[in-house]
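Me: I would like a close look at a single part of this model, with the reasoning spelled out step by step for someone in a first year of study. Please set that part in the context of the whole chain as well.

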Amino acid sequence: MTDTDSGSAQPAPQKRADARRNQQRLLDAAAAAFITSGVDAPVRDIATKAGVGVGTIYRHFPTRADLIVAVYRHQVEACAEAGPTLLTNSSTPHTALARWINLFVDFLVTKHGLAEALQSDDAAFENLHAYFLDRLVPVCAQLLDAAATAGEIVPDLDAYELLRGVGNLCIGAGNDSRYDARRLVALLVAGLRLRQ
């Protein structure tokens, strides 16, 4: 109960547990649909995969742009949160870095149609690139610093440059079956190691 005499405001209500679960299922289903069908995947298919009605999608995400932004942010957050976990649970910082870069590659190569959506005039997409950089560059820097401190990689590597290089290696990965972005990125990450 809130004390109305003290002037303290009531905290914002938390989403119900079932609403949070529905939203999580929707984001996961939308991400999977975007991988197979691109960002224009039918909302009906996403609802079916999530086990909810179409109305539930529109209640959480009134426009397709809202859904795309939410999926993108959700996946950026998952990638960002994985960095410290991998650093704690991997045998070496370089192993953590390599695993995290692999997750980053997953993120990049599964974004069918997202690049085009981000180029659109829709205001909903304006801040996504900055958000992406703000969340992932510091995580990459933390992993690079840990590996450099452990003497595993060359020091003073720039996280932004590494992510940009990985991103460039991933461009066109879906357009040429002979092009293996993962293999090239693995070579890049292996090349960061100091020779013992």
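Is Leu194 buried, partly exposed or exposed, and what is its relative accessible area?

Reply: Please keep in mind that this is a predicted model, and that what follows describes the model as it stands. Leu194 is partly exposed, because its relative accessible area is 31%, and partly exposed is the class that lies between under 20%, which is called buried, and over 50%, which is called exposed. As for its place in the chain, Leu194 sits in the segment that comes after α9, the helix made of residues 181-191. On the surface, Leu194 belongs to a nonpolar patch together with Val154 and Leu157, and the accessible area of these residues together is about 180 Å².

The wider setting helps to place this part. The protein chain contains 9 helices and 0 strands, so that reading along the sequence gives the pattern α-α-α-α-α-α-α-α-α. Of the 196 residues in the chain, 36% are buried, while the chain as a whole exposes about 11500 Å², of which carbon and sulfur atoms supply 52%. Looking at contacts between residues at least 6 apart in sequence, 66% join residues that are at least 24 apart.

A residue of the buried class makes a useful contrast with Leu194. Ser90 is found in the loop between α4 (64-89) and α5 (93-109), and Ser90 counts as buried because its relative accessibility is 11%, which falls under the 20% limit. Leaving aside residues up to four places away in sequence, Ser90 touches Thr95, Ala96 and Arg99. With Arg99 there is also a polar contact, in which the side chains of Ser90 and Arg99 come to 3.3 Å.

The cysteines offer another case where a cut-off settles the matter. A disulfide requires a pair of cysteine sulfur atoms within 2.5 Å, and by this rule the count is 0 disulfides. Cys79 takes part in no disulfide, since the nearest cysteine sulfur, which belongs to Cys140, is 9.4 Å away. Seen from the other side, the sulfur of Cys140 has its closest cysteine sulfur in Cys79, and the distance of 9.4 Å is too far for a bond. Both cysteines fall in the buried class, for Cys79 has a relative accessible area of 5% and Cys140 has one of 0%.

To return to the residue you asked about, Leu194 is partly exposed at 31%, and it shares its nonpolar surface patch with Val154 and Leu157.

Notes. Residues are numbered from 1 along each chain as its sequence is written. This is a predicted model: local features need pLDDT of at least 70, side-chain atom pairs count only at pLDDT 80 or more; totals for chains, interfaces and linings use all residues. Side-chain values use heavy atoms; hydrogens and water are left out. Buried means under 20% relative accessible area, exposed over 50%, partly exposed in between (1.4 Å probe, protein chains only). Patches are made of residues with over 30% relative accessible area and no salt bridge: like charges are joined within 9 Å, nonpolar side chains (Val, Leu, Ile, Met, Phe, Trp, Tyr) within 5 Å. Accessible areas come from the Shrake-Rupley method with a 1.4 Å probe; for residues, only the protein chains shown count as cover. A salt bridge is a side-chain nitrogen of Lys or Arg within 4 Å of a carboxyl oxygen of Asp or Glu. Helices (H or I, at least four residues) and strands (E, at least two) are DSSP runs, numbered from the N terminus. Contact means heavy atoms within 4.5 Å. A polar contact is a pair of N or O atoms within 3.5 Å; within protein, one must be able to donate a hydrogen and the other to accept it, and residues adjacent in sequence count only if both atoms are side-chain atoms.
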